[in-house]
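Colleague: I'm new to reading helix packing. Could you walk me through it?

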Amino acid sequence: MTITFIGHGYVGLVTAAVFADFGNKVYVIGHTKDKIENLNKGIIPIFEPGLEELVKENVAAKRLIFTLDYKISIPDSDIVFIAVGTPTTKTGDADLSTVLLVAEQIAKNLKGYTVVATKSTVPTGTNKKVRRILEEFRPKGTEVDYASVPEFLREGSAISDTVHPDRIVIGAESKRAQEALIKVHKQINAPVILTNFDTAELIKYAANSFLALKISYANAIAKLSEILNADALKVLEGIGMDKRIGDKFLSPGPGYGGSCFPKDVKALISIAKDNDYQFSLLEDVENINHQAKRDIVRKARKILGDFRGKRIGILGLAYKANTDDMRDAPAIDVINLLQNDGVKISAFDPKSIENAERVLKNVEYKKDPYEVASGADLLIILTEWNEFKELDFADIKKKMKSPNIIDGRNLYDGEKLRKEGFTYIGIGR
Ligand SMILES: NC(=O)c1ccc[n+]([C@@H]2O[C@H](COP(=O)([O-])OP(=O)(O)OC[C@H]3O[C@@H](n4cnc5c(N)ncnc54)[C@H](O)[C@@H]3O)[C@@H](O)[C@H]2O)c1
């Protein structure tokens, strides 16, 4: 089949590369000339494990073509996927301006019969707006069906998630569109949920908000465990073994971040409000998440007392391991809060320093964890990178001004580090 993706971010680029690898001819439309030129040479604008190789192979095989031009790709395509960003507006709603803008460009260039499917996360009811645009701007004699095909991949394991998803949700209301979308996914062995547009759109928000809820629940249990002198990790292990609950997304830490959970929880609260439902459960999820970041700073104050003249080393800036994504990373809030109190910050992250430099000012970025430790009064671990798991703590201790650690991801054996002379505080234990 011939497919076009609009947008070459974490969703568009990964799914386009995977569908090209399945043997389809895949166009990807962007809006930045430099990036498109680079992509056609196999140089990708984001970090995602295995992606550069996959893009290079499929560009070389001429199955993956990057372009700025709708006229080249849209008339040739059986299916067009919209995969542009839908960030949060000041009011907490999803910003649909790019989705609606590209829908118009797609519509104007349609030829024959085409399925236009939204992969971007969009609020329930967006389908009506996009369908209206497709109808208004499509040339006479063309036929178009709309679909909502939300994406569930995770950054860091996006390729494998695309090839082996837990489910494929297809919100399509015409038989012809359903068949085309089932056909394009035929190499993926996963259950398919066929449903209407509104339901498909809501599934995505309901899924992400539930995952965020699990993380906040784990953080609330961690907080309570600290007060009650219980071990949150054992409590959460104990509940996670119950198959009805499951053990995923139950790790306490500095709170959820990234490009999806914060904005999707906000958007669902806002969708509910617009429809006269106060989703207070999700408001609490957000409050607990904010508290998780403040708690790291509270713990730092507990160890250091007065912050004046102190240096804190941060290990990990990305919102989670195996990504360079800094969008809404907990590190941003934690570092800003510390800097507001006069703390000097040095930091290291294996992949996200370039992105961090754009959002975090007055930070001394270092080449490795040992440089970060040098002269620091306290180390705070904020991202669970594998390479932080086996550090030489004897060396770290020698380099630090005072041997203090806040382990925001519970990576280390606290007892062992205490024996080695560190003041150690984890989360919930
Ligand atoms: N990142 C994830 O893990 C993930 C997972 C599932 C769903 N989603 C959803 O998928 C959507 C995309 O997310 P993402 O993380 O890939 O975003 P992203 O910011 O990484 O990518 C967005 C892409 O859209 C492109 N773009 C912006 N304006 C454009 C325009 N006018 N014309 C053409 N392209 C344009 C950008 O260049 C970029 O390539 C969002 O709605 C997000 O919520 C993201």
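Modeller: Sure, starting with handedness: a crossing is left-handed if the near helix is turned anticlockwise from the far one by less than a right angle, and right-handed if clockwise. Helices (H or I, at least four residues) and strands (E, at least two) are DSSP runs, numbered from the N terminus. Here, helix 9 passes helix 12 in a left-handed crossing. Mind that this is a predicted model: local features need pLDDT of at least 70, side-chain atom pairs count only at pLDDT 80 or more, and totals for chains, interfaces and linings use all residues. Residues are numbered from 1 along each chain as its sequence is written.

Colleague: At roughly how many degrees do the axes of helix 9 and helix 12 cross?

Modeller: Two packed helices are described by the angle between their axes and the distance between the axes. Axes are lines fitted to C-alpha atoms, for helices over the stretch in contact, and angles run from 0 to 180 degrees between N-to-C directions. For helix 9 (residues 197-228) and helix 12 (residues 280-304), the axes cross at roughly 50 degrees and come within 9 Å. That makes helix 9 oblique to helix 12 (under 35 degrees is roughly parallel, over 145 roughly antiparallel, 65 to 115 roughly perpendicular, the rest oblique).

Colleague: Which residues in helix 9 meet helix 12?

Modeller: Contact means C-beta atoms, placed from the backbone, within 7 Å. Ser 209, Ala 212, Leu 213, Ser 216, Asn 219 and Ala 220 in helix 9 meet helix 12 residues including Leu 282 and Ile 288.

Colleague: And what comes just after helix 13?

Modeller: Gly 342, with a positive phi of about 90 degrees. Helix 12 is also among the elements covering the buried residues of helix 13 (buried means 20 or more other C-beta atoms within 10 Å of a residue's own, exposed 12 or fewer, partly exposed in between, with C-beta atoms placed from the backbone). One of those buried residues is Leu 338.

Key
Two residues are in contact if their C-beta atoms, placed from the backbone, lie within 7 Å.
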